[in-house]
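Hi,

Here is the structure I said I would pass on. Have a look at it first, and my notes are underneath.

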Amino acid sequence: MKKDNIFSRVPKVIPDEIFETIVLSGSIKIERIISDDHTTPEDSWYDQDHDEWVILMKGIAEITFEDEPQPMTLKPGDYVLIPAFTRHRVIRTDKKQPTIWLAIHLS
């Protein structure tokens, strides 16, 4: 058994978004994502072949979905299930502090 904390080991400088696998078992992958004013490039979309459930733990973020007219704003505690093949982009993360996500990928 090893105890850890979702808020531990957050670097002071985060030049690139950090994706850390916490658990990988069968068809489930749980990862911590740390963003620091990072966004998805304007010409890119996430378009995954699996469902993804994500909860925002710290910071703020905005996600836009290709088929939705308005972006979705997330604050700590907010979560969303993104179905497979739903094109989406992160258009804003917190500029004042790191944004910490917990994502569960379901294959």
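Below is what I found when going through it.

Before anything else, keep in mind that this is a predicted model.

Let's start with the overall build. The protein has 0 helices and 8 strands, so along the sequence you simply read β-β-β-β-β-β-β-β. Its C-alpha trace spans about 45 × 35 × 25 Å along the principal axes. The radius of gyration is 14 Å, which agrees with the value near 13 Å that a compact globule of 107 residues would have. As for burial, 36% of the 107 residues count as buried.

Next, the sheet. Five of the strands make an open sheet, in the order β1-β2-β8-β3-β6, and the pairing is antiparallel. The edges are taken by β1 (18-25) and β6 (79-82); each has a single partner strand, so one side of each has no neighbour in the sheet. From one strand to the next, the twist averages 20°. Inside the sheet, β3 (residues 51-58) runs antiparallel to β8 (residues 99-106), and the two are paired over 7 bridges. If you want a spot to check by eye, take K58, whose bridge partner in β8 is I100.

Now the charged contacts. I get 7 salt bridges over the whole structure. One of them is E62 with R92, where the closest N and O atoms are 2.8 Å apart. E62 sits in β4 (residues 61-65) and R92 in β7 (residues 88-93), so this pair ties together parts that are 30 residues apart in sequence. E62 counts as buried because its relative accessibility is 16%, under the 20% cut-off, while R92 is partly exposed at 31%.

Another salt bridge joins K29 and E31, at 3.8 Å from N to O. Here too the two partners are covered to unlike degrees: E31 is buried at 6% relative accessibility, whereas K29 is partly exposed at 30%.

Towards the start of the chain, K2, D4 and R9 are linked in a salt-bridge network. Within that network, the D4 and K2 side chains meet at 3.8 Å, N to O. K2 is exposed, with 72% relative accessible area, and D4 is partly exposed, with 43%.

Last, the surface. I28, L81 and L106 make a nonpolar patch of about 230 Å². Of these residues, I28 belongs to strand β2 (residues 28-35) and is partly exposed, at 34% relative accessibility.

Cheers

Conventions. Residues numbered from 1 in each chain as written. Predicted model: local features only at pLDDT ≥ 70, side-chain atom pairs only at ≥ 80, totals over all residues. Heavy atoms only, no water. Patch = residues over 30% accessible without salt bridge, like charges linked within 9 Å, V, L, I, M, F, W, Y side chains within 5 Å. Areas by Shrake-Rupley, 256 points an atom, 1.4 Å probe, with all protein chains shown as cover. Salt bridge = Lys/Arg side-chain N within 4 Å of Asp/Glu carboxyl O. Helix = DSSP H or I, 4+ residues; strand = E, 2+ residues; numbered from the N terminus. Buried < 20%, exposed > 50% of the residue type's maximum accessible area, 1.4 Å probe, protein only. Pairing = 2+ DSSP bridges. Axes fitted to C-alpha atoms, helices over the stretch in contact; angles between N-to-C directions. Rg over C-alpha atoms; globule rule 2.2 N^0.38 Å.
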